[in-house]
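Student: Hi! Could we go through this model together?
Tutor: Happy to. Here it is.

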Amino acid sequence: MIKILFICLGNICRSPMAEFVMKDMVEKKGIQHLFYIASAATSSEEIGNPVHHGTRNKLKQYGISTAGKHAIQLKKADYENYDFLIGMEERNLANMRRITGGDPDNKMYRLLDFSNHPRDIADPWFTGNFDLTYTDIVEGCEALLSYLKIAKMIL
Ligand code: 4NP
């Protein structure tokens, strides 16, 4: 079982989008049994809140539901419980390392570090551009699945 935790600042826009896009991708490939996928925030700002309507509306276009998801905060213990802790931007990584006390096992990445063009995913909470968030996240999740294949963690 490959355990993946997607992380952003608020856990209402980008990381839940990554969580549900990745769940949809692995279900469509019939490999969902190989994964445990979740998402969390570095900040406490939005804890308990549902997914932002911008993310919900975007995913609805592709028939993906985020029902039941509420924002949770990254905990120190998550570091042991997950194989990959994947942030959306460099600033997330700094906050993730602060919460977990570091990354001695090299489990932390930015989602687009797996792509051919490593870069941050801009925060749509500030930009309002959920279309760009979606294309970036699809690119990142596809690249992550390719990486897992190359690493022979999945077939
Ligand atoms: P996210 O977006 O990190 O992609 O979930 C944000 C959501 C909430 C806030 C900032 C970013 N906020 O400051 O409350």
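Student: Which residues are around the ligand?
Tutor: Keep in mind that this is a predicted model. The residues around the ligand are Cys 8, Leu 9, Gly 10, Asn 11, Ile 12, Cys 13, Arg 14, Glu 45, Glu 46, Asp 123 and Trp 125.

Student: How does that shell split by class?
Tutor: The shell has 5 nonpolar, 2 polar and 4 charged residues.

Student: And where does the ligand sit?
Tutor: In the largest pocket.

Student: Which oxygen contacts does the ligand have with the backbone of Gly 10?
Tutor: A backbone N or O atom of Gly 10 is 2.8 Å from a ligand oxygen. Ile 12 also has a backbone N or O atom 3.0 Å from an oxygen of the ligand. For Cys 13, a polar backbone atom is 2.9 Å from a ligand oxygen.

Student: How much of the ligand's accessible area does the protein cover?
Tutor: On its own the ligand has 350 Å² of accessible area, and the protein covers 93% of that.

Student: Changing topic: how many disulfides does the structure hold?
Tutor: The count is 0.

Student: Why is there no bond for Cys 13?
Tutor: Because its closest cysteine sulfur, in Cys 8, is 6.9 Å away from the sulfur of Cys 13, and that is too far for a bond. A disulfide needs the two sulfur atoms within 2.5 Å.

Student: What about Cys 141?
Tutor: For Cys 141 the closest cysteine sulfur is also in Cys 8, but the distance is 13 Å, so that is too far for a bond.

Student: Is Cys 141 buried or exposed?
Tutor: Cys 141 counts as buried, because its relative accessibility is 0%. Cys 13 counts as buried too, at 3%.

Terms used
Residues are numbered from 1 along each chain as its sequence is written. This is a predicted model: local features need pLDDT of at least 70, side-chain atom pairs count only at pLDDT 80 or more; totals for chains, interfaces and linings use all residues. Side-chain values use heavy atoms; hydrogens and water are left out. A residue is near a molecule or strand if one of its heavy atoms lies within 4 Å of it. A polar contact is a pair of N or O atoms within 3.5 Å; within protein, one must be able to donate a hydrogen and the other to accept it, and residues adjacent in sequence count only if both atoms are side-chain atoms. Accessible areas come from the Shrake-Rupley method with a 1.4 Å probe; for residues, only the protein chains shown count as cover. On a 1 Å grid over the protein atoms alone, a cavity is a set of points where a 1.4 Å probe fits but cannot get out, and a pocket is an open set with protein on both sides within 12 Å along at least five of seven lines; lining residues have an atom within 4 Å of a point. A molecule sits in a cavity or pocket if more than half of its atoms lie within 2 Å of its grid points. Ala, Val, Leu, Ile, Met, Phe, Trp, Tyr, Cys and Pro count as nonpolar, Asp, Glu, Lys and Arg as charged, and the others, Gly among them, as polar. Buried means under 20% relative accessible area, exposed over 50%, partly exposed in between (1.4 Å probe, protein chains only).
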